[in-house]
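Reader: I am new to reading protein structures. Could we go through this one together, one question at a time?

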Amino acid sequence: MTVSGEPAAMGYCHCASCRHWSAGPVNAFTLWNPEAVKVTRGAEYMGSYNKTPASRRKWCTLCGGHLFTEHPGMGLIDVYAAVLEDFEYKPGIHVHYHETVLGMMDGLPKFRDLPTEAGRGLGAPRVFVG
């Protein structure tokens, strides 16, 4: 998989859904415009699961690795930072921080929901939680 250009946003998601899907206490996300994301090999092995109408999760049916989640309502694709080789991950925000199980005191803004700026105006209202 390759990405091109700059992501719309990068950060950490603390929601229970992302934590369960990533099998970790937080999920490092990168949000991209769909035209910036290219599956370069193995597309025939890509599985899909629509947890909700708002998300289509993609994974490799050979190894089980998680690849990305399409968010049609936002018009963005969440590519998991861990699958991007040679990518300089620079988180800028924490989202769904009210659900956190691992407090992070890194100086980044922490939001209850996804700020409008990160979701092309379709996200939840900008609410700071501390």
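Author: Gladly! Keep in mind that this is a predicted model. Let us begin with one tyrosine: Y89 has a relative accessible area of 22%. Buried would need under 20% and exposed over 50%, so Y89 falls in between and counts as partly exposed.

Reader: Which class does Y12 belong to, buried or exposed?

Author: The relative accessibility of Y12 is 16%. The cut-off for buried is under 20%, so Y12 counts as buried.

Reader: How are the rings of Y12 and Y89 arranged?

Author: The whole structure holds three aromatic pairs, and Y12 with Y89 is a pair whose ring centres are 5.8 Å apart. Their planes meet at 75°. Planes over 60 degrees apart count as edge-to-face, so the name for this pair is edge-to-face.

Reader: How many residues apart in sequence are the parts that this pair ties together?

Author: Y12 sits in strand β2, while Y89 belongs to the loop between β8 (76-80) and β9. The pair therefore links parts of the chain whose separation in sequence is 77 residues.

Reader: What is the order of the strands in the open sheet?

Author: Let us start with the whole chain, which has one helix and nine strands. From the N terminus, its elements run β-β-α-β-β-β-β-β-β-β. Seven strands form an open sheet with mixed pairing, and their order is β5-β6-β7-β8-β3-β2-β9.

Reader: Which strands stand at the edges of this sheet?

Author: Going across the sheet, the twist averages 30° from one strand to the next. A strand at the edge has a single partner, so one of its sides is left without a neighbour in the sheet. The strands in that position are β5 (46-52) and β9.

Reader: Which residue in β9 is the bridge partner of C13?

Author: Strands β2 and β9 pair in the parallel sense, over three bridges. C13 touches several residues further away in sequence, including C18, F29 and V95. Its bridge partner in β9 is V95.

Reader: Why do C13 and C15 not form a disulfide with each other?

Author: For C13, the closest cysteine sulfur is the one in C15, at 3.6 Å. A disulfide needs the sulfur atoms within 2.5 Å, so this distance is too far for a bond. By this rule, the number of disulfides comes to zero.

Reader: How many residues does the largest nonpolar core have?

Author: C13 and C15 both belong to this core, together with others such as F29, L31 and V95. C13 is buried at 6% relative accessibility, and C15 is buried at 12%. Two or more residues each come from β2 (9-13), β3 (27-32) and β9 (93-95). The largest core has 12 residues.

Reader: How many residues are in the other core?

Author: That core lies apart from the largest one. Among its members are V37, F68, I77 and V79. Its size is seven residues.

Reader: Which strand does S55 lie in, and is S55 buried or exposed?

Author: S55 lies in strand β6, which covers residues 55-60. It touches Y49, N50, T69, E70 and H71, leaving aside residues up to four places away in sequence. Its relative accessible area is 9%, so S55 of β6 is buried.

Reader: What share of the 130 residues in the protein chain is buried?

Author: We have met several buried residues, among them Y12, C13 and S55. Over the 130 residues of the protein chain, the buried share is 36%.

Methods:
Residues are numbered from 1 along each chain as its sequence is written. This is a predicted model: local features need pLDDT of at least 70, side-chain atom pairs count only at pLDDT 80 or more; totals for chains, interfaces and linings use all residues. Side-chain values use heavy atoms; hydrogens and water are left out. A nonpolar core is a set of buried Ala, Val, Leu, Ile, Met, Phe, Trp, Tyr and Cys residues joined through side-chain atoms within 4.5 Å. Buried means under 20% relative accessible area, exposed over 50%, partly exposed in between (1.4 Å probe, protein chains only). Helices (H or I, at least four residues) and strands (E, at least two) are DSSP runs, numbered from the N terminus. Contact means heavy atoms within 4.5 Å. Two strands pair if DSSP finds at least two bridges between them. Axes are lines fitted to C-alpha atoms, for helices over the stretch in contact, and angles run from 0 to 180 degrees between N-to-C directions. Rings of Phe, Tyr and Trp (its six-membered ring) pair if their centres lie within 6.5 Å; planes under 30 degrees apart count as stacked, over 60 as edge-to-face and the rest as tilted.
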